[in-house]
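Student: I would like to work through a structure by question and answer. Please show it before we begin.

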Amino acid sequence: MLSGLLYRIRALFRRKTVEIELDDELRFHLEHQMEKHLRAGQFREEAMRRARIELGGLEQCKEECRQSWGIGLIESLVQDIGYALRVLIKSPGFTAAVALSLALGIGANTAIFSLIDAVMWRMLPVKDPAGLWVIDQGLTFQQYRTVRDNNQVAELAAYSSVHLNVSVDGSIEPTVDGQLVSGSYFSLLGVNPAIGRTISVDDDRVPNGHPVAMISYGYWKRRFGQEPSILGRTLSISGTPFTVIGVTPPEFFGLEVGMAPDIFVPVMMQPTAMPAFENLLDNPIIYRTWLTTLVRLKPGVGVPQATGALETLRRQGLPQGAKSAGPNFPNLVLTPASTGLSSLRKQFSQPLFVLMAVVGVVLLIACANTANLLLARAAARRPEFAMRLALGAGRWRLTRQLLVESVALAALGGLCGVLLARWAMRLLVVYMSSGRSPIVLDLSPNLRILFFTAAVSVATGLLFGLTPAMRATRIDLWPALKSLGNLLSRGHGGLQPGKILAVLQVALSLLLLIGAVLFVRSLQKLAGDNFGVSRESVLIVRVEPKGSDQRNIPGTTARLDRTYQTLLETVREIPGVRMASLGQSTPTNPNPGAAGQITLPSGATVRVPMVMLYPDYFATVGVPMVAGREFNSTDLRESSPLVCVVNEAFARQMFPGENAIGKSCTTSHRQNFNDPTRPRYSDQEEAVQIIGVVKDSRYSNPRGEVQPVIYMTFLQTPTGRGQMVLHVRVAGDSGSVLPRIREEVLRVDPTLPAFEVHTLAQEMDAALVQERLIAMLSSLFGALALLLACVGLYGLLAFGVVQRTGEMGIRMALGAGRSDVVWMILKEALLLVLAGVALGIPVALGVTRLAGSQISGLLFGMKAADPATIGTAALLLISVATIAAFLPARRASRVDPMVALRNE
Amino acid sequence: MTNTRIDLPQGTLDLLILKTLALEAQHGWAISERIQQISSEVLRVQQGSLYPALHRLERRGWIKARWGTSDNNRRAKFYELTRDGRKQLVDEAAAWRKLSVAVAQVLDVC
């Protein structure tokens, strides 16, 4: 087997040597044979002649030997490719047009496929990724410690993604993404440092006792110019010096696809690294599962066994009163972590697969277009084929050569497509990153992507090349040869497949247009549904004054409250500011506050996010009240009776069919902030009255159900956090007010760092990044499909008009007016388009039925089979197609009967 | 004399070449001479088909070629059997014997 292959390779690539050897061998034979005859007494000439006759023709023998080498197929293929390239170079316009439309199709496919690959399938660069599992649920530190120390089934490691305030040499860095990692993290993953050493178990023993950090390769390169002296340098994290002990390898970006943490700090350093946050190593006030836990099973341990063992231990750490397996405490689940964890995957996998289908259809349309062009071209090349067939070329040989031409075209398109895709992917990632944090994806081409593109290109070439090639070589030789010159002007039966292709194109582009209109309208609804008020004019400033982390320390909350009140008063004084308020988070945040426990009048206990606010919050951000009233300054006082505002989702779920206003719930979470002599929590149940209901903020979860939320005033909310977000509604241009706000913020408290100033509109756009992405891309691809289909239609009609010049001449000579001719062509075009629409609509309905769940998950307030949408798309298609058809029709009407008839 | 010669049946040339090479390495011309001598000039080897057959056998890895010096001191391409070729010869020879015995039997009976 192998020797045969080597033999062939030698015959192919050492062709000259092999030929010379063949010559030598046969010459040797002839000489011997001649000598034999000479010895038998023949004359030299005769001996030579006999020897040659006995061999039976030197060239023939050589040719048979060459056939024995088994490289004939490859050789003729090489010939075909050479010929195809020459043919393509000879008609650069045609080649460029086809290559461009294929490049668009293949490039779009490659780009989306690469994104899917990067988000879904890339294996983590860690040791034995297949053996790595992750616990779906987060753990508290206590749970993690319990499970880690007491289980017999697995090795554990944990991490938590955080933002860190870093300064280098005294100057503050822009906020850095980082991770708190357990000491076992790097060893469990088998990740070795690029330089220095990794954080080890010994770096993670004593709370606040190990001020060491690792930085990422990217950060090292970007910020420190890859200087080895980084080892041993100190970075200041939230004011505490940390020593850099190592750099992670360049291919390591943590476990979350799309993220790129730059600093790694031991979990034990959490309170030091995040002073503005509660101490999560202690028992926090609120059940906060902040650690993502990685699991490597011990040999011989199965997943079900491990799940059971880990679950038992985890349950020990659940908060009191919540041990019943309620919906808030789903059972522990282990998921494979081999391809990384990703919220990105959850967010973008569905749109990416829908987009994959869309670009697949675009490619089909591009194929149909190319097939149409090739059909026309094949008609033009018929004399050439007829001649070659007449000279004895096999039909299969001709077909194969045409297919090679198509595949060469497709390969060219694929090549351009790959370049296009690389560029498009960068744009896409930038666009996807307009969300809350930058997305870092490994988009370097790998074997899978290369194979995909190559396969798509070849399949494309065969798909659009097969029909034209089969038709082109099925020629009735006699008439074809007889009228070599004016073949083009004969008959238009050859257009039949062209028409079918045009109808298909129209149908497919209608499909994409319907999709595009659907997604755009869904986005419009989503964006316009909630905040009818001008969202441009709300500024957002996150403020974290010193001490906002130590709310639990007696006296702090009152001080914070005074700071905030002063801030609000001064900001409200600024000219141009219409309203200002503070809230724990923006209305777009899907996790607005920590979950708190509340008992309904029915006696049921629920856990819902509790959000701290100041009065006027809802008016400032523009969330309308549905019923009741907003907070006033009386509600703000700690001593006032507890009151809350809930969102519609809460009212709907907890009090179905009832009016929630005035309902009284109870909570035991009231804290005592100010008097150190009293216990921190009152044991007493205290009533919380619902005073208002606000509209759901769909931005917090654009795709799914809005979660119930309770809003309470700053001093009444039971939480350890004290950071707030300043919301300012301005009257005019926000640009002029912004510096004043920053100034005032600093004046109230010079230690108050103000960062992340942007508008609510930006936040909302970021929250809708997935919707905008899919609406934008589907519109883009829909437009592309429309363009391709119209170009195809135009080409078909233009070709037909040229073919029928004589017919037009006769018609006009017999008295047909220009408008008659225009109408005739238009009618033909409209018939094709209507046929396409008639085909496309049922297909679209079928697709929405089959993939309904996929699509409707991406739609908001819209049915996939929406008549208005289908109508809009069909109308758009028909009008654009009519314009495309009008151009050749007009040309047909300009035919001069005299000229046309003379040519005929 | 020419009339008594038999054209080789399809596929037997390969067998004869392998058998000829079983003794020693030979160049192409010697192979054709050898076959005719041994078969008492009964079998007629088409010289034109000998070389394609040699190349085909070489591709299949049953024989391999090397350049050497012939009796009269000229450069010649010598073929020799490979291990696979030897095995192939045993198999083909056995098959041929079986076939000829069977054919002979049929002819005798009828």
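The discussion below takes up the two chains in turn and then their contact.

Tutor: This is a predicted model, in which local features need pLDDT of at least 70, side-chain atom pairs count only at pLDDT 80 or more, and totals for chains, interfaces and linings use all residues. Residues are numbered from 1 along each chain as its sequence is written, and chains are lettered from A and ligands numbered from 1 in the order in which they are written.

Student: What percentage of the residues of chain A count as buried?

Tutor: A residue is buried if 20 or more other C-beta atoms lie within 10 Å of its own, exposed if 12 or fewer, and partly exposed in between, with C-beta atoms placed from the backbone. Chain A has 29 helices and 23 strands; helices (H or I, at least four residues) and strands (E, at least two) are DSSP runs, numbered from the N terminus. Of the 904 residues of chain A, the buried share is 42%.

Student: Which helix of chain A gives the most residues to the largest nonpolar core?

Tutor: A nonpolar core is a set of buried Ala, Val, Leu, Ile, Met, Phe, Trp, Tyr and Cys residues joined through C-beta atoms within 7 Å. The largest has 169 residues, and among those that touch the most other members are A:V362, A:L510 and A:I710. With 20 residues, the helix that gives the most to this core is α12 (residues 343-380).

Student: How many residues does the second, separate core hold?

Tutor: In soluble globular proteins, nonpolar side chains tend to be buried together. The second core includes A:L132, A:A213, A:I245 and A:L280, and its size is 58 residues.

Student: Is A:R381 buried, exposed or partly exposed, and why?

Tutor: A:R381 lies in the loop between α12 and α13 (382-390) of chain A. The C-alpha atoms of A:R381 and A:A472 are separated by 8.1 Å, although the two residues are 91 residues apart along the chain. Because A:R381 has 15 other C-beta atoms within 10 Å, its class is partly exposed.

Student: Which strands of chain A do the buried residues of α9(A) pack against?

Tutor: In helix α9 (residues 217-224), the buried residues are A:Y217, A:Y219 and A:W220. Seen down the helix axis, they fall within an arc of 165° (taken from the directions from the axis to the C-beta atoms), so they line one face of α9(A). Their packing partners are β7 (212-215) and β9 (240-247).

Student: Which residues of strand β8 of chain A are buried?

Tutor: In a regular strand the side chains alternate between the two faces of the sheet. In β8 (residues 234-237), A:T234 and A:S236 point to one face and are not buried; pointing to the other face, and buried, are A:L235 and A:I237.

Student: Which residue in the turn between β8(A) and β9(A) has a positive phi?

Tutor: Two strands pair if DSSP finds at least two bridges between them; β8(A) and β9(A) pair in the antiparallel sense over four bridges. In this pairing, A:S236 stands opposite A:P241. The two strands form a hairpin with two residues between them, and the turn residue with a positive phi, of about 50°, is A:S238.

Student: What is the order of the strands in the open sheet of chain B?

Tutor: Chain B has four helices and five strands. Its edge strands, β2 (26-27) and β4 (63-69), each pair on one side only. Two bridges join β2(B) to β5(B), and B:H27 has B:F78 as its bridge partner. The three strands pair in the antiparallel sense, in the order β2-β5-β4.

Student: How many residues of α4(B) are buried?

Tutor: Helix α4 (residues 83-109) of chain B reaches 39 Å from its first C-alpha to its last, close to the 39 Å expected at 1.5 Å a residue (1.5 Å times one less than its number of residues). This helix is hardly covered: among its 27 residues, the count of buried residues is two.

Student: Which element supplies the largest share of the side of chain B that touches chain A?

Tutor: Two residues are in contact if their C-beta atoms, placed from the backbone, lie within 7 Å. By that rule, 18 residues of chain B are in contact with 23 residues of chain A. On the chain B side, α2 (28-38), α3 (47-60) and β5 (75-81) each supply at least two residues. The largest share, nine residues, comes from α3(B).
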